[in-house]
Amino acid sequence: MTNRAGSFLRNLSTLVPTSRTRRLGFSRPKIVHSNWNPRNLLFGDFDNRVQSSVRYLFQDALSGDNFQGIGPEIVHTVNRLLCPRRLSFDSKHSVSDNELKKINFRHEASNEDVLTKETKPSPVSLRKLSQECSSLSDVLDIFSEGPTFPSSNYFSAMWTVAKRMSEDQRRVEKQLMFNHPAFHQLCEHMLREAKIMHYDHVLFSLHAIVKLGIPQNTLLVQTLLRVAQERINECDEKCLSVLSAVLEAMKPCKNVDVLRAGLRLLVDQKVWKIERVFTLQAVIKCVGKDAPVGLKRKLEMKALRELDRFSDLNSQNMFEALAAMNHRSVILLNECSKMVIGNIHGCPVKVLITILQSCRDLQYRNLNLFKAIADYVATTIDIWKLKQVLFLLILFENLGYRHTDLMDLFMKKVIDDPGSLNMRSILSILHVYSSLNHFYKSQTPKFQEVMTSSLTGYLHHISSENLLSAVCSFCLMNHFPMALINPLLQKDVINELLISDDTERNAHKLRILAACLKLDISCHMDIDLELLPPPSTPLYPHEKVTDALRSLLGEGCFSKNTQLPHNYCIDFEVRMDINRSQVLPFSSVVTSADIRRVAILCVPRSAYCLDLGHPKGFLAMKMRHLKIMGFHVILVPNWEVERLEMKDVVTFLKTKLYSTEAFFTAGVNLQSTC
């Protein structure tokens, strides 16, 4: 029996490296093979079995805090745990299960060894840790009592516990975590185990570490990134999803960029094998905006193939995924929009906000989708916070969408409860309503008074630039509160605005203020602006409209790019009689009382709200000021002109130029007198 036991130990010792006093992670780099996955290879060659046995030997041998080496006693302890089955190392010496139980070693273990065996900690599962612990320090306390392999369980448990906390509590707990005496020890264990634990454990650890706020430039994070790079070929679909989430949460750096490049190559090869839609969307969000166009199209085609399997949540997440990749797939967005519209009720506010933000980033305009979201918010506005509705209105303004019912309801809520607004909310509301040029019957004057009164209360705290923005919004709304305007007329305030970082923008707003004071309320308080020279207005040829006017009126009966006071420019000017039944040449000498000046403005699509039937604030103000200066304003939509033939453009201009009465009055000649 003694010979058999000795032979058994001698054979087992051949599996243990001779340099037994080195620490894990640095002494055995050769046992890690990036192409070897123990989960996929149930049976392998003898060499792989040896490596697998050594891996588990190292795991148990390192379960203590002070690991210095692997001695005979430790080998014996680990061997008994690892070998419940028949082991045979050579043809002469074999140990059966019954014989193994009867082995009596000649070398008795010391009292310390016996105590170590009795108090050796059992592995703690991630679920048990996350359920039993209520703070990050609780997890670290359990680790300090008896560390077990793998250390990834402790980091994952801490992140699971942290997710259940509020932001303030999480902030405090993170600070306590960094100050805990066992935290540094846990990081050291993670460094030693990084190359021998399963690849998914590496990724789960890295994800938890990043989410817990451990700095990205630390040795621990960078080591895990390098391990993830070296073993990326072990990545299955589950690991692909986790790796995508990790890279999405990390800031760009050399190792992150290399790992992302490796992920792109891996996805390019395995994109058609991805089975779960959530994994596909995680990958789409991760590959980045600078990913190759070919890879983006592959991912788009894969998503289109999986449309039949999309859940409501999948369709909602697709907007954010495409925006993260900066890929505007209209077909995919249209199909997802239909699913969102059909299941809009009960959709969380965060999801709606994310969808609208993604539409803005992708420059995707879908009236049906926007209307469905706005209708849903309008019908359930009583359960929404005022700030949530305001945030949605800001996004609608960015998209150029004006939903009258929702804006009317929000206006009523503001009038009923102005005390709930802070200065930032007031500025945002003014910007939204002035930009979209929205008015609500008799409520608008009261709304303007409430906003003026609320902003006046912040007059001693508001900056000059914010005050100028608010006053400019009031000007677009044709409202002029002098209590807010007078502070801006001070010379020192104007000088401050003109030497700020955004001089050009401030100068533009001051010009608007000066024009409104002069034209709208005939204020004789001249502003000593000393503005910079006005920026040169880009002149567009509008060749199609020019040719149509030449065909309709002839040469000399219209002028192009007419400059007017207050920095206004009109594309074409035509002079007509008072009844707008006859065009007058510019060479004729007539009194101003006998002519009607007509301003033709070629307007881009962006100057209108999304429904293309309502002008935005700046265009509305320009039309108002031109009418004050005596012009009859005609708007020519550029996008409509481009798709019309020349004869249709001529007909369109004729119907706009001549008055309605002129068409139905007998004997009136609609031809030009030029």
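These legends describe close-up views of a predicted model.

**View 1. Helix 9 and its two sides.**
Helix 9 covers residues 167-179, which makes 13 residues. At 1.5 Å a residue, a span of 18 Å is expected. The C-alpha atoms at its ends are 19 Å apart, which agrees. Three residues of helix 9 are buried: Arg170, Glu173 and Met177. They lie on the same side of helix 9, because their arc around the axis is only 65°. Asp168, Arg171 and Asn179 are exposed on the other side of helix 9.

**View 2. What covers helix 9.**
Which helices are among those that cover the buried residues of helix 9? The cover includes helix 7 (136-145), helix 8 (152-163) and helix 10 (181-193). The residues beneath this cover include Arg170, Glu173 and Met177.

**View 3. A salt bridge between helix 14 and helix 16.**
Side chains of opposite charge can pair when their charged atoms come close. Here the side chains of Lys298 and Asp268 form a salt bridge, at 3.0 Å from N to O. The pair links distant parts of the chain. Lys298 sits in helix 16 (residues 293-305), and Asp268 sits in helix 14 (residues 254-270). The two residues are 30 residues apart. Lys298 is partly exposed, at 27% relative accessibility. Asp268 is also partly exposed, at 32%.

**View 4. A salt bridge between strand 4 and strand 6.**
Arg597 and Glu573 meet through their side chains in a salt bridge of 2.8 Å, N to O. Arg597 belongs to strand 6 (residues 595-603) and Glu573 to strand 4 (residues 568-577), so the bridge ties together parts that are 24 residues apart in sequence. Are the two partners buried or exposed? Glu573 is buried, with a relative accessible area of 3%. Arg597 is partly exposed, with a relative accessible area of 27%.

**View 5. A salt-bridge network, and the count for the whole structure.**
Glu248, Lys285 and Glu320 belong to one network, joined by salt bridges that share partners. How many salt bridges does a search of the whole structure find? The search finds 19.

**View 6. The pair Arg505 and Asp502.**
The side chains of Arg505 and Asp502 also meet in a salt bridge. Its N to O distance is 3.9 Å. Asp502 is partly exposed, with 33% relative accessibility.

**View 7. Thr279 in helix 15.**
Thr279 lies in helix 15, which runs over residues 277-286. Is Thr279 buried or exposed? Thr279 has a relative accessible area of 1%, so this residue is buried. Beyond its neighbours within four places in sequence, Thr279 is in contact with four residues: Glu237, Leu240, Ser241 and Ile274.

**View 8. Leu409 in helix 22.**
Leu409 is part of helix 22 (residues 404-416). Leu409 is partly exposed, and its relative accessible area is 30%. Which residues does Leu409 contact, leaving aside neighbours within four places in sequence? They are Ala378 and Ile381. Ala378 and Leu409 are 31 residues apart along the chain. Their C-alpha atoms are separated by 7.3 Å.

Technical notes: Residues are numbered from 1 along each chain as its sequence is written. This is a predicted model: local features need pLDDT of at least 70, side-chain atom pairs count only at pLDDT 80 or more; totals for chains, interfaces and linings use all residues. Side-chain values use heavy atoms; hydrogens and water are left out. Helices (H or I, at least four residues) and strands (E, at least two) are DSSP runs, numbered from the N terminus. Buried means under 20% relative accessible area, exposed over 50%, partly exposed in between (1.4 Å probe, protein chains only). Contact means heavy atoms within 4.5 Å. A salt bridge is a side-chain nitrogen of Lys or Arg within 4 Å of a carboxyl oxygen of Asp or Glu. The expected span of a helix is 1.5 Å times one less than its number of residues. The arc is that of the directions from the helix axis to the C-beta atoms.
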